Structure formats: structure tokens, C-alpha cells
Amino acid sequence: MDIAWADRKENLFEMRRRVRQLRHKADIVVLPELFSTGFVKDPSQMSQLADTAGEHPSLDAMKEAAAEAGAAVCGSVLYAATDGAGNRVYTNRCYFVEPSGEVSYYDKRHLFSLTAEAKVLTPGTRRSPIVRFRGCNVAMAVCYDLRFPQWMRNNADNPYDLLLIPANWPESREHAWTSLLCARAIENQCYVAGADRSGSDDMGTYGAMSRIFSPQGLSIGTDNPHLGALIAVLDLDALHALRQSFPVLRDKD
């Protein structure tokens with residue numbers, strides 16, 4: 001998905017169109033990072049485009065798309081909250097929206113300090129919740145979080161099976177992107193789905209480098225140009241058998 005910069009209406013229309021195409025063809029649809037706005041940093045634009053607790057057009061569109069498609073929809077959006085001192089603060093909030101309308105979220109912890117992101121956004125303070133959906137334990141991270149393995153270390157007592165990573169990762173760092181996704185899958189004995197955007201913005205050019213890796217570190221996604229998506233089927237029985245026969249998670253520090 002290309003992202004029209006600061007054009008929420010256009011992006012939400014495109015998101016709904018794409019998710020609609022996957023109706024009855026997917027259980028979980030993962031969108032890129034900040035899919036509804038792109039990365040905006042001007043305070044007035046942020047104020048106009050951010051979801052809030054009282055008005056959340058991006059989240060509402062995700063709920064509508066999830067209900068229509070019969071699939072969970074995951075992606076990150078610009079979110080505005082109020083801190084303890086009454087000041088407005090912005091986070092990069094990743095939502096996991098189920099067809100029932102149930103919502104889980106995670107605020108991006110690691111903000112990219114080489115850009116204005118770390119200056120205009122506030123980092124999250126808690127790790128992703130583990131969401132149980134259709135027999136699969138799902139966790140979330142966002143883009144730059146991928147470089148910090150301890151932050152998303154899997155728990156042997158309550159492990160996640162699938163890690164979802166919406167991203168705006170430029171093609172100039174493609175090798176790092178694919179290598180880190182693969183590493184997170186192997187070390188956490190889980191499936192990893194990294195959803196990258198296409199197009200370009202002030203920070204680079206994006207090559208639609210979405211990837212899905214198995215717990216063994218194999219690339220398993222199949223590109224479907226007709227649906228405009230990378231698709232994979234996850235074998236949870238095989239995943240649980242792997243963890244039993246090769247219990248890496250139990251041996252971690």
C-alpha cells in the first residue's frame with residue numbers, strides 16, 4: 001500500500017478497498033505503519049489528523065473493514081492523548097481490531113532518533129499485549145522496534161505465535177529489514193509478518209518489502225498481485241511441535 005501523505009480520507013478509502021478484496025481469504029490483515037496519514041510532523045497537521053479518545057476516524061474505518069472482511073485488521077495510526085500535566089502528546093499507536101469490534105493496542109516504544117519522530121512523538125511504556133485470536137497468540141511491534149530484540153523477547157510461559165510489524169522501512173536498508181525479521185522469527189520461535197509500504201516520502205523510497213517468515217527463518221509469503229497482498233498460511237500445530245522438540249524458549253536467560 002502506498003500512503004498519500006497527510007490525506008487521511010484517501011488512505012482510509014484505499015485501506016477499505018484493499019481489505020474488502022481479502023474478504024473470506026484471510027484471518028488477519030496487516031497494514032503499514034501510519035497507514036492513514038504517513039509521517040506528519042507539523043503540529044497543526046498532527047492535531048487535525050490524529051485519532052483521539054473521543055474522535056477516532058482511523059480506528060472506526062479499521063473496525064468497519066474488519067467487520068466487513070471477517071478478519072482482524074492491524075496497523076498503526078497517529079494518536080493524540082493528554083498527559084498527567086494536561087498537555088497533548090502524540091504516539092504511534094498500533095491497533096489490532098477484531099471483526100467483533102474488540103480492540104487491542106500497542107504504542108511504539110522505540111522512536112527513530114535520526115528523524116523528527118523522536119522529537120514530536122512520545123514513546124510507549126508497555127510491551128505489546130498478547131491477543132488470542134482464532135487459536136493464535138498475536139503480539140505487535142512497530143518498525144524501528146525490530147532492532148531491539150530484548151523488547152520483544154518471547155515468554156516461554158505465555159508465548160506469542162505470531163509477531164506483527166507494521167513498518168515504513170526504506171529499500172536502502174532492505175538487507176537489515178529482511179535479516180532482522182528472520183532473526184526475530186528464529187530466536188522467538190514464532191511466525192513474523194512485516195508489512196511495509198510502497199511509494200516515497202521525505203525520508204526515502206519504499207519498495208513494498210513486506211515479508212512473512214516461519215519459526216525456522218524461512219520466507220513463506222506468496223505475492224498475490226490480484227489481491228495486492230502477500231499471503232501465507234500459518235501451521236500452528238507444526239509450531240507447537242517445534243517448541244516441544246526444540247525448547248529454545250525454556251533455555252533463555
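This report walks through a helix pair, the strand pairings and a long-range salt bridge in a predicted model.

**Two helices side by side**

Let's start with helix α1, residues 8-21, and helix α3, residues 57-69. Their axes lie 9 Å apart and meet at an angle of about 15°. Angles under 35 degrees count as roughly parallel, and α1 and α3 are therefore roughly parallel to each other. The handedness of their crossing is right-handed.

Which residues make the contact? From α1 come R8, L12, M15, R16, V19 and R20, while α3 supplies P57, S58, A61, M62, E64, A65, E68 and A69. Sorted by character, the residues of this contact comprise 8 nonpolar, 1 polar and 5 charged.

**Strands and their partners**

Two strand pairs are handy to view next to each other, and the table sets them out.

| Strand pair | Sense | Bridges | Facing residues |
|---|---|---|---|
| β3 (residues 88-97) and β4 (residues 103-107) | antiparallel | 5 bridges | V97 and V103 |
| β7 (residues 162-167) and β8 (residues 191-196) | parallel | 6 bridges | L163 and V192 |

Strands β3 and β4 form a hairpin with 5 residues between the strands. If you like to check backbone torsions, look at G101 in this hairpin, where phi is positive, near 100°. At the strand ends, V97 has V103 of β4 as its bridge partner.

The pair β7 and β8 belongs to an open sheet of 5 strands, ordered β5-β6-β7-β8-β11, with mixed pairing. Its edges are β5 (131-133) and β11 (211-213), each of which pairs on one side only. From one strand to the next, the twist averages 25°. Within the sheet, β7 and β8 run in the parallel sense, and L163 sits opposite V192 of β8.

As you look along these strands, one general point helps: side chains in a regular strand alternate between the two faces of the sheet.

What lies across β7, β8 and β11? Helix α5, residues 174-188, does so, and its direction is at about 30° to β11.

**A salt bridge across the sequence**

How many salt bridges does a search of the whole structure find? The search returns 12. One of them joins the side chains of R197 and D2, with an N to O distance of 2.9 Å. R197 is in the loop between β8 and β9 (198-201), and D2 is in the segment before α1, so this pair ties together parts that are 195 residues apart in sequence.

Conventions:
Residues are numbered from 1 along each chain as its sequence is written. This is a predicted model: local features need pLDDT of at least 70, side-chain atom pairs count only at pLDDT 80 or more; totals for chains, interfaces and linings use all residues. Side-chain values use heavy atoms; hydrogens and water are left out. Axes are lines fitted to C-alpha atoms, for helices over the stretch in contact, and angles run from 0 to 180 degrees between N-to-C directions. Helices (H or I, at least four residues) and strands (E, at least two) are DSSP runs, numbered from the N terminus. Angles under 35 degrees count as roughly parallel, over 145 as roughly antiparallel, 65 to 115 as roughly perpendicular and the rest as oblique. A crossing is left-handed if the near helix is turned anticlockwise from the far one by less than a right angle, and right-handed if clockwise. Contact means heavy atoms within 4.5 Å. Ala, Val, Leu, Ile, Met, Phe, Trp, Tyr, Cys and Pro count as nonpolar, Asp, Glu, Lys and Arg as charged, and the others, Gly among them, as polar. Two strands pair if DSSP finds at least two bridges between them. A salt bridge is a side-chain nitrogen of Lys or Arg within 4 Å of a carboxyl oxygen of Asp or Glu.
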